[in-house]
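User: I am new to this structure. Please take a close look at its largest pocket, and then follow the parts that lead on from there.

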Amino acid sequence: FIDGLFLGGTEPAATITDSPAARPRVHYNMIFADPRPLEQLVTEFAEYQFTGGSTGRFGYPKFTRERFTQVVLRVRELGGFFVHPHPKQLMESEDPLEYWFADETGLEVLYTYHEDRDGGATAANYKLWTDLLAAGKRVYATAGNDEHNVPKDKALTTIYSPKRHSESYVQQLRKGDFVCGGVGIKMCIGQTTMGGCTAFAGKRLVLSVDKFHKSLLDPEHTYRVELLDDTGVVLQQAFSAGEEIYLAVDADPTKKFYRAEVYDNEKPFPIALGNPIWNT
């Protein structure tokens with residue numbers, strides 16, 4: 001990690017012992033700029049039974065919801081970013097709040113793994129994310145591949161980072177200023193970027209879409225960008241492969257948030273999700 005090209009972190013599993021979910025299991029990503037905060041966290045929580053040192057080992061303990069939330073919050077206190085990956089593929093509950101533990105955390109929405117042929121995992125996670133947004137939760141959408149030792153570019157998280165350095169990447173994740181998917185989406189309301197909060201009154205929303213990852217760009221396909229608020233689609237714009245799109249509207253002070261989605265018109269699900277900007 002010395003040169004800043006690697007992220008520190010891990011993906012343990014846990015059972016939430018007091019959850020009413022039919023299957024109260026979670027995986028969770030704890031992402032840091034380097035490994036040292038992770039070592040500190042698993043040392044502080046005795047449940048991990050950490051053996052110590054950079055080559056130490058720890059277990060996957062069970063937690064009550066209260067205790068697990070303390071772990072989630074401690075990740076952020078130590079400068080890290082917490083993600084709930086493939087939530088609907090593990091926990092079984094009809095209550096979206098069972099999947100939420102704290103705001104300013106990530107939820108894996110665009111998700112690929114070797115057994116998911118029809119996109120059902122992404123569809124379930126997308127509905128969960130939108131349900132949590134509707135419930136007033138400030139949760140960021142992330143993307144990820146779960147191929148286990150097989151690098152793929154099917155589900156990418158796109159970060160506009162000021163530097164090619166792990167600390168810069170983690171800071172962008174913590175702010176929520178990134179894209180779930182392989183398309184460049186930038187949005188601001190006044191001086192506030194995606195993931196942030198601001199008063200909407202008297203401010204202008206500006207949105208741009210550009211720079212597709214090569215795996216998503218097909219010259220034979222058409223695309224569209226949709227701007228949404230908490231009640232639905234505000235406007236949409238069609239565009240062609242490789243075209244840059246810019247939109248601007250006056251922010252409505254009665255709305256709770258704005259966010260953007262990009263679609264390939266040949267596919268059923270969004271190929272990129274911009275994180276919301278919330279109204280204060």
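Analyst: Strands here are DSSP runs of E with at least two residues, numbered from the N terminus. The model is a predicted one.

Start with the pocket. The largest pocket holds about 670 Å³ of space. Its lining is made of 21 residues. Those nearest the centre are Leu7, Ile31, Ala143, Gly144 and Thr157. Six elements give two or more residues each to this lining: strands S1 (8–10), S4 (29–32), S5 (81–84), S7 (139–145) and S8 (157–159), and helix H4 (166–175). Strand S7 gives the most, with four residues. By residue type, the lining of the pocket has 10 nonpolar, eight polar and three charged members.

Now stay with strand S7. Tyr140 lies in this strand, and Phe178 lies in strand S9 (residues 178–181), so their pair ties together parts that are 38 residues apart in sequence. Their ring centres are 6.3 Å apart and the planes meet at 85°, so the pair is edge-to-face. Tyr140 and Phe178 are both buried.

Strand S5 also lines the pocket, and it carries a ring pair as well. Phe82 in strand S5 pairs with Tyr28, which sits in the loop between strand S3 (25–27) and strand S4. These two residues are 54 apart along the chain. Their rings are stacked, with 6.1 Å from centre to centre and 25° between the planes. Both Tyr28 and Phe82 are buried. The two also belong to one aromatic cluster, together with Tyr48, Phe50, Phe58, Phe63, Phe68 and Phe101. Across the whole structure, a search finds 17 aromatic pairs.

Phe82 leads on to a cavity. It lines the largest cavity, as do Phe101 and Val139, among others. This cavity has a volume of about 60 Å³. Strand S5 and strand S6 (105–112) each supply at least two residues of its lining. Strand S6 gives the most there, with three residues. The cavity lining divides into eight nonpolar residues, three polar and no charged.

Trp100 is another residue of the cavity lining. Lys137 lies over the face of Trp100, 3.9 Å from the ring centre. A second such contact involves Lys186: its charged end sits over the ring of Tyr160, 4.4 Å from the centre.

Technical notes:
Residues numbered from 1 in each chain as written. Predicted model: local features only at pLDDT ≥ 70, side-chain atom pairs only at ≥ 80, totals over all residues. Heavy atoms only, no water. 1 Å grid on protein atoms, 1.4 Å probe; cavity = no way out; pocket = protein on both sides within 12 Å on 5 of 7 lines; lining within 4 Å. Points joined across faces, edges and corners; volume = space filled by probe spheres on them. Nonpolar A, V, L, I, M, F, W, Y, C, P; charged D, E, K, R; others polar. Phe/Tyr/Trp six-rings, centres within 6.5 Å; stacked < 30°, edge-to-face > 60°. Buried < 20%, exposed > 50% of the residue type's maximum accessible area, 1.4 Å probe, protein only. Lys NZ or Arg CZ within 6 Å of the ring centre and 35° of its normal.
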